[in-house]
Amino acid sequence: MLVLGIESSCDETGAAVVDAQGAVLSDIVQSQVALHARYGGVVPELASRDHLRNVGPVVREALRQAGVSITDIDGVAVTNRPGLVGALLVGVQAAKGIAWAAGKPLVGVDHLVGHVLAVFVRRGPEADPLPEFPFVCLLASGGHTAIYRVDAPRPSAIVELGATRDDAAGEAFDKVAKLLGLGYPGGPIIDRLAVSGDASRVALSAPMAHGDSLEMSFSGIKTQVAQRVGRDGVPATESAVAAVCASFQSAVTTLLASKVVKAALRERVRDVVLGGGVAANRELRRRVAAHGAVHGLRTFFPPLASCTDNAAMIAYAGAVRLGQGEVDGWDLVATSETVLDRKTRKGRGRR
Ligand code: KG4
Ligand code: ZN
């Protein structure tokens, strides 16, 4: 079975061809980063228009690189939630048009489910070890940060154990980078600069780091950086900027690693999986691997191309749905809400 996947939920237009085992025949990502960089974040209307320009060529390129034509495809999967609705609509309409014209089944995929299952996508010839259900997944991206218990590859078996009460972890990386004048997206830049920084020079702490709760918060640490910059200005030297990056990244990754390991121990599962753009962070991977090993946990980190937004994970999640006999109708809608149950309430105050 071959599935064509289409992704347009945020600022990447993606198309991929993947088989039922998750083997990638092609995976095209057209990034809009340059388009949004001057605004320090994604401008929804610009994103929609760019998806519209790119979706046709990106799909054609995915089919070409896979060496197949649309008649060889067994189904079309598309991200239909959550995300920017105008952006999602472009992918959904393209997928409907292609599926209808070619007489293929259509399946909508929740972007978060795509990130959770991205670890099963296989990009190389070697058969990497795969996690076994049930496992715990930390999904940390620009729009979402949550820890899930995953009993099976379907939304009803993916249960939120805790999530951020405010900003997503990636959002905090992006905002801190913006405060430091480093550009967008901030995650990869901070990841790079933090390597040479001395974290002990700058005292920053991640709130909610202690205690048993699996809820998280990232807006407080961003505010600490904002207050520092407000008081002292943007650090003048490269080493002072690197020190802020190192301290911020250390606090955030320590918090994420401790929460996901805590979740695995509490749920009595052996496998820990990372997903989402922030899972590309090298310090996070190192901390989760080290902390997990202490407790005898196995840790699984998808390759970078599977962490950040891509259509291969959407095609794979669609293949799983098709394999379970599920198909959507032509009335499939784009919506900003995830299909996954949310437990964590946004905002401050006692629970
Ligand atoms: O999953 P993704 O590509 O898009 C969303 O669904 O949001 O995640 C993008 C986010 C951005 O906030 C970006 O700064 C962050 O992931 N990110 C990173 C790294 N690479 C990307 N954060 C920390 N370290 C990285 N190496
Ligand atoms: Zn994403």
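User: Is His115 buried or exposed?

Analyst: This is a predicted model, in which local features need pLDDT of at least 70, side-chain atom pairs count only at pLDDT 80 or more, and totals for chains, interfaces and linings use all residues. Residues are numbered from 1 along each chain as its sequence is written, chains are lettered from A and ligands numbered from 1 in the order in which they are written, and side-chain values use heavy atoms, with hydrogens and water left out. Buried means under 20% relative accessible area, exposed over 50%, and partly exposed in between (1.4 Å probe, protein chains only). With a relative accessible area of 1%, His115 is buried.

User: Which protein residues are donors of the zinc ion (ligand 2)?

Analyst: Donors are N, O and S atoms within 2.8 Å of the metal (3.2 Å for Na, K and Ca); water is not among the atoms, so sites may look incomplete. At 2.0 to 2.1 Å from the zinc ion (ligand 2), the protein donors are His111 (NE2), His115 (NE2) and Asp309 (OD).

User: How many residues apart in sequence are the parts that His115 and Asp309 tie together?

Analyst: The donor residues of the zinc ion (ligand 2) follow the spacing H-x3-H-x193-D. His115 belongs to helix α4 (residues 111-117), whereas Asp309 sits in the loop between α10 (304-307) and α11 (312-323). Helices here are DSSP runs (H or I, at least four residues), numbered from the N terminus. The pair therefore ties together parts whose separation in sequence is 194 residues.

User: What percentage of the area that ligand 1 exposes when taken alone does the protein bury?

Analyst: Polar contacts to ligand 1 are pairs of N or O atoms within 3.5 Å. An N or O atom in the side chain of His111 is 3.3 Å from an oxygen atom of ligand 1, and a backbone N or O atom of Gly170 is 3.1 Å from an oxygen atom of ligand 1. Taken alone, ligand 1 exposes 560 Å² (Shrake-Rupley method, 1.4 Å probe), and the share that the protein buries is 90%.

User: Why is Cys10 not bonded to Cys307, and how far away is the closest cysteine sulfur?

Analyst: A disulfide is a pair of cysteine sulfur atoms within 2.5 Å, and a search of the whole structure finds 0 disulfides. Cys10 is partly exposed, with a relative accessible area of 24%, whereas Cys307 is buried at 0%. The closest cysteine sulfur to that of Cys10 is in Cys307, too far for a bond because the distance is 16 Å.

Conventions
Helix = DSSP H or I, 4+ residues; strand = E, 2+ residues; numbered from the N terminus. Polar contact = N/O pair within 3.5 Å; in protein donor to acceptor, adjacent residues only side chain to side chain.
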